[in-house]
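Biologist: I am a first-year student's guide for this session, and I would like a close look at a single part of this structure. Could you take one chain, walk through how it is put together, and then place it beside its partner?

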Amino acid sequence: MFSFIVSRILQALPVMFVVSLISFAMFAYVGDPVAIMLGQDFTEAQREALVRDLGLDQPFFVQFATFLGNAVQGEFGLSYRLSRPVAELIAERAPATLELALTAAFIALMIGVPMGVYTGLYRNSWLSRFFLTFSLVGVSLPTFLIGILLILTFSVWLGWLPSFGRGDVTRLGWWSSGFFTWSGIKALILPAITLGLFQLTLIMRLVRSEMMEVLRTDYIKFARARGLSNRAINFGHALKNTLVPVITIAGLQLGGIIAFAIVTETVFQWPGMGLLFIQSVGAADIPVMAAYLMLIALVFVTINLIVDLLYYAVDPRLRVGRGKGH
Amino acid sequence: MSLLQVKNLRVEFPTRRGTLVALDDVSFDIAPGEVLGVVGESGAGKSMTGAAIIGLLEPPGRIAKGEILLEGRRIDNLPYEQMRRIRGREIGAIFQDPLTTLNPLYTIGRQLVETMTTHLPITPAEAREKAIGWLELVGIPAARERIDSYPHEFSGGMRQRVVIALALCAEPKLIVADEPTTALDVSIQAQVIAMLKTLAREKGTAMMLVTHDMGVIAETADRVAVMYAGRIAEIGPVREVVRQARHPYSQGLMGSIPPLDRRVERLQQIDGAMPRLTAIPKGCAYNPRCPKVFSRCAVERPELMDAGTTRAACWLYAEGQS
């Protein structure tokens with residue numbers, strides 16, 4: 001088990017190395033930071049001083065090594081746009097995105113899995129047909145449109161929920177949380193639904209097809225022949241056997257939710273990393289973009305590791321080295 | 001009184017091109033503690049009969065006619081929940097392939113315990129002790145250590161022993177065993193069958209043993225039913241049917257088994273193949289392949305009638321009957 005984790009982390013290192021190379025390459029090829037920082041009027045001496053300050057006169061490998069060394073320590077330099085340390089900016093925004101993404105994932109799982117089980121069990125009931133039709137809407141409507149429709153309905157017409165922002169937040173150390181105030185929770189509802197709807201429908205459809213597959217297996221028939229209750233069969237034996245693919249997809253989707261909350265955050269002016277990223281792209285704020293890219297890569301690598309560990313927890317056949325022979 | 005009575009059972013599959021009759025007019029009894037062997041070619045309806053008895057016909061298959069009675073009580077028309085309480089508790093089932101009948105994600109102990117706690121008034125701890133006892137009974141070595149193993153940690157033969165323990169653990173009165181040894185190595189088959197036979201005898205459990213292995217039937221069954229194209233062709237004491245089959249189809253079936261005690265030049269074979277359910281011939285379903293066919297066979301369908309010590313659905317034995 002321990003050696004498995006270590007080997008997985010070792011495998012992740014080359015991935016992170018390549019991503020950092022790409023992040024670093026942005027400095028060289030996306031816009032000219034010197035021109036951006038100096039603005040319109042500058043002297044040649046000012047320019048050279050800045051180039052030296054930023055280390056841009058050094059050879060490529062030296063620059064990359066410095067970048068990598070700093071990155072490992074969580075140091076990504078100053079934002080061109082806001083002139084503040086990037087790490088600080090991201091740390092400030094990360095809680096908003098993470099809370100939004102986790103809430104969206106929670107909603108998607110808590111509603112998507114039971115709906116998938118239901119539609120897998122009762123394929124022809126009218127409720128299943130309704131769920132499937134509804135899921136087509138979730139899959140095919142673009143996120144921004146869903147967000148805008150929700151705002152129109154619940155903020156503009158009904159006036160129940162706020163249309164933008166995060167509401168009041170509570171500070172817990174460096175973490176700012178919207179979970180502890182009523183306005184924070186109200187502000188979270190619409191963006192979380194917007195972000196989670198696609199995942200919800202995806203998980204529902206996945207669980208449904210896996211359930212239909214598993215319900216045809218011999219061990220489910222045998223469980224019925226043993227007279228087990230429907231509840232034990234459907235939610236125990238059958239659901240557990242659908243979990244491996246569901247964990248894979250849900251894990252990748254969680255990474256996706258965190259990384260690509262950009263659209264939702266823009267629609268709801270949610271003060272998270274996605275909004276920070278899109279504003280940084282507008283201003284060619286490369287240190288922020290580079291740091292964001294690496295952070296997202298790290299998130300994906302971590303989630304993949306967790307997914308692999310969950311496989312182990314769910315499926316005993318994958319626990320090698322424990323076999324007791326025949 | 002018979003433990004199980006099947007009366008004029010008819011199973012249909014409604015399809016777009018019309019209704020398929022998978023079983024027609026199947027009738028037999030099983031006495032308490034008796035082993036009834038059911039033989040026949042693939043698709044003859046052996047497994048279907050078993051599935052109908054445990055109430056687990058694959059949809060859209062349904063019982064269109066007839067009755068199934070367990071200790072005199074009709075069970076073919078029970079609501080799902082009532083039938084569920086009978087499955088496992090009154091009628092156990094053993095399936096063909098032990099590699100796929102156990103849930104791969106649960107330990108064998110958990111599967112045994114949940115079966116017992118579903119049907120018997122015992123605590124999980126008591127059930128666990130009993131589970132170890134059952135594993136010992138079916139011949140799993142070091143049962144106490146192995147109870148928390150997963151199915152994939154056992155060989156095929158061992159897994160079928162676990163399946164048998166699962167079928168027996170709530171002490172049902174009847175076991176429907178659908179080809180319990182077909183998927184096993186030949187060397188293991190005999191052991192497993194012997195163990196199953198001994199356990200059924202000790203517990204007084206009756207058994208419906210579906211197989212196409214005549215050796216297993218001769219070894220284990222008290223009576224045997226030969227099925228052909230969804231009907232029973234012949235039913236009688238196993239000794240009579242094996243040695244002196246009356247129905248020409250059973251004769252063909254028995255003749256195709258190589259005898260061990262003498263050399264034969266050529267094994268008998270039955271020409272042709274069993275008709276598909278969509279094209280069952282008029283009259284006796286076997287008439288196009290039957291060496292003793294005569295005019296009546298192609299016109300009228302024979303019911304089971306007395307044929308010496310067995311009962312056969314064949315017009316050859318029509319003398320003295322109505």
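What follows is one connected answer on chain B, with its hairpin at the centre and chain A brought in afterwards.

Modeller: Before anything else, please keep in mind that this is a predicted model, and that its overall scores are ipTM 0.89 and pTM 0.81. For chain B the average pLDDT is 88, with 99% of the residues scoring at least 70. Within chain B, the confidence is lowest in helix 9 (residues 214-220), where the mean is 85, and highest in helix 4, where it is 94.

Let us begin with chain B as a whole, which contains eleven helices and twelve strands. Measuring along its principal axes, the C-alpha trace of chain B spans about 65 × 50 × 40 Å. A compact globule of 322 residues would have a radius of gyration near 20 Å, and because chain B has 21 Å, its value agrees with that expectation. Of those 322 residues, 46% count as buried. If we take the contacts in chain B with a separation of 6 or more, 64% of them are accounted for by residues 24 or more positions apart.

Now we can turn to the part I would like you to look at closely, namely strand 10 of chain B and what surrounds it. Strand 10 of chain B is mostly covered, since six of its seven residues are buried. On one side, strand 9 of chain B runs antiparallel to strand 10 of chain B, and six bridges join the two. Together strand 9 and strand 10 of chain B form a hairpin with two residues between them, and A229(B), which lies in the turn, has a positive phi of about 50°. If you look for a pair of residues facing each other across this hairpin, you will find Y228(B) opposite R231(B) in strand 10 of chain B.

Strand 10 of chain B has a further partner, for it also pairs in the antiparallel sense with strand 12 (residues 310-312) of chain B, over two bridges. Here I235(B) has R311(B), in strand 12 of chain B, as its bridge partner.

The same strands also meet a helix. In helix 11 (residues 248-255) of chain B, the buried residues are P248(B), Y249(B), S250(B), Q251(B) and L253(B). These buried residues pack against strand 9 (223-228) and strand 10 (231-237) of chain B, and also against strand 3 (35-39) and helix 10 (238-243) of chain B.

From here we can move outwards to the contact between the chains, to which chain B gives 26 residues and chain A gives 23 residues. On the side of chain B that touches chain A, the elements giving two or more residues are helix 2 (80-86), helix 3 (98-101) and helix 4 (108-119) of chain B. Helix 4 of chain B supplies the largest share of that side, with four residues. By class, the side of chain B that touches chain A divides into nine nonpolar, ten polar and seven charged residues.

Chain A, the partner, is divided into domain 1 (2-72) and domain 2 (88-318). The centres of these two domains of chain A, taken over C-alpha atoms, are separated by 33 Å. Where they meet, 16 residues of domain 1 of chain A are in contact with eleven residues of domain 2 of chain A. On the domain 1 side, helix 1 (2-29) and helix 2 (33-38) of chain A each supply at least two residues, and helix 1 of chain A provides the largest share, eleven residues. That side of domain 1 of chain A has twelve nonpolar, three polar and one charged residues.

Two further places in chain A are useful to find in the picture. In helix 12 (residues 273-282) of chain A, the buried residues are M273(A), G274(A), L275(A), L276(A), F277(A) and S280(A), and their cover includes helix 5 (86-121), helix 11 (262-267) and helix 13 (286-314) of chain A. Just after helix 12 of chain A comes A284(A), which takes a positive phi of about 50°.

The other place is G165(A), which is found in the loop between helix 7 (143-157) and strand 1 (170-172) of chain A. Because 15 other C-beta atoms lie within 10 Å, G165(A) is partly exposed. Leaving aside residues up to four places away in sequence, G165(A) touches A187(A) and Q269(A). The C-alpha atoms of G165(A) and Q269(A) are separated by 5.5 Å, although the two residues are 104 residues apart along the chain.

Definitions and conventions. Residues numbered from 1 in each chain as written. Chains lettered and ligands numbered in written order. Predicted model: local features only at pLDDT ≥ 70, side-chain atom pairs only at ≥ 80, totals over all residues. Contact = placed C-beta atoms within 7 Å. Nonpolar A, V, L, I, M, F, W, Y, C, P; charged D, E, K, R; others polar. Buried ≥ 20, exposed ≤ 12 C-beta atoms within 10 Å, placed from the backbone. Pairing = 2+ DSSP bridges. Rg over C-alpha atoms; globule rule 2.2 N^0.38 Å. Domains from an automatic or database assignment. pLDDT = per-residue confidence, 0-100.
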